[in-house]
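Trainee: Got a minute to go through this chain with me? I'd like to get a feel for it before I head back to the bench.
Mentor: Sure, pull it up and we'll take it piece by piece.

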Amino acid sequence: MAIRRYEPWGLLSELSRELGRLSENAETGDNSSLATSDWTPAVDIREESDRYVIHVDLPGVRPEDIEVHMEGGLLSISGSRRSEATESGEGYKRIERAAGSFYRRFSLPDTADPERISARCNNGVLEVSIPKQEQTKPRRIQVEG
């Protein structure tokens, strides 16, 4: 028998953290972490000198089952992974591979160039490349009077 430390306020603290996170998301309009899908793929985001790169782990998802959309400064990645057909004679003891739909959404910085975004899938990893816009130099505007 394992000895567990009794923490009467542990669950309440956890609930408070979750409610705080949800209210922050509601204020910013970012609902990407809410339960809107059957499973959530792992994501890596990297900034390079000329672009942002997002890698999404999507093993078992066919490229034609992935949708990438850009609208209003938000990049959405969604799709689905089909469950494998199982034979009735096999007896599974444990199933950990999730099937069904997924959805992730990311706010892009102002420096992102939405017109040149590209995506490709290779070996179950989706790579979304988001080029940066050319930096414009500030200029002085003459005020006429």
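**A walk through the chain**

Mentor: Let's begin with contacts: among those in the chain with a separation of 6 or more, 51% are between residues 24 or more positions apart. Keep in mind that this is a predicted model.

Trainee: Good to know. How many helices and strands does the chain have?
Mentor: There is one helix, and there are seven strands. Along the sequence the pattern reads α-β-β-β-β-β-β-β.

Trainee: What share of the residues is buried?
Mentor: Of the 145 residues, 24% count as buried. The accessible surface of the chain is about 11800 Å², and carbon and sulfur atoms make up 48% of that.

Trainee: Let's talk sheets. What is the strand order in the open sheet of four strands?
Mentor: The order is β1-β2-β7-β6, and the pairing is antiparallel. β1 (43-47) and β6 (118-122) are at the edges with a single partner strand each, so one side of each has no neighbour in the sheet. On average, neighbouring strands here are turned by 15 degrees against each other, ignoring direction.

Trainee: Back to β1 for a second. How many of its five residues are buried?
Mentor: The count is zero, so β1 is hardly covered, taking buried to mean under 20% relative accessible area. β1 runs antiparallel to β2, joined by five bridges, and Asp44 sits opposite His55 in β2. The two strands make a hairpin with three residues between them.

Trainee: And which strand does β2 pair with over seven bridges?
Mentor: That's β7: residues 51-57 of β2 pair with residues 125-131 of β7 in the antiparallel sense. Tyr52 faces Ile130 across that pairing.

Trainee: Switching topic: which residues have the most contacts inside the largest nonpolar core?
Mentor: They are Ile54, Leu58, Leu75, Ile77, Leu126, Val128 and Ile130, in a core of 16 residues. The elements giving two or more residues to this core are β2, β4 (74-81), β5 (100-107) and β7. As background, nonpolar side chains in soluble globular proteins tend to be buried together.

Trainee: Leu75 caught my eye. What is Leu75 in contact with, leaving aside its neighbours within four places in sequence?
Mentor: Quite a list, including Ile54, Val68, Phe106, Leu108, Ile117, Val128 and Ile130. His69, Arg104 and Arg105 are also among the contacts of Leu75. Met70 is another contact, and Met70 stands opposite Leu75 in the strand pairing too.

Trainee: So is β4 largely enclosed or hardly covered?
Mentor: Largely enclosed by the rest of the structure, because six of its eight residues are buried. β4 pairs antiparallel with β3 (residues 66-71) over six bridges, and with β5, also antiparallel, over eight bridges. In the pairing with β5, Arg81 has Gly100 as its bridge partner.

Trainee: What does the turn between β3 and β4 look like?
Mentor: The hairpin has two residues between the strands, and Gly72 in the turn has a positive phi of about 60 degrees.

Trainee: Last one: where is Arg97, and is Arg97 buried or exposed?
Mentor: Arg97 lies in the loop between β4 and β5. Its relative accessibility is 62%, so Arg97 counts as exposed. Its C-alpha atom is separated by 8.6 Å from that of Ser83, and the two residues are 14 residues apart along the chain.

Trainee: Great, thanks. I'll go and find those residues in the viewer.

Conventions: Residues are numbered from 1 along each chain as its sequence is written. This is a predicted model: local features need pLDDT of at least 70, side-chain atom pairs count only at pLDDT 80 or more; totals for chains, interfaces and linings use all residues. Side-chain values use heavy atoms; hydrogens and water are left out. Two strands pair if DSSP finds at least two bridges between them. Axes are lines fitted to C-alpha atoms, for helices over the stretch in contact, and angles run from 0 to 180 degrees between N-to-C directions. A nonpolar core is a set of buried Ala, Val, Leu, Ile, Met, Phe, Trp, Tyr and Cys residues joined through side-chain atoms within 4.5 Å. Buried means under 20% relative accessible area, exposed over 50%, partly exposed in between (1.4 Å probe, protein chains only). Contact means heavy atoms within 4.5 Å. Accessible areas come from the Shrake-Rupley method with a 1.4 Å probe; for residues, only the protein chains shown count as cover.
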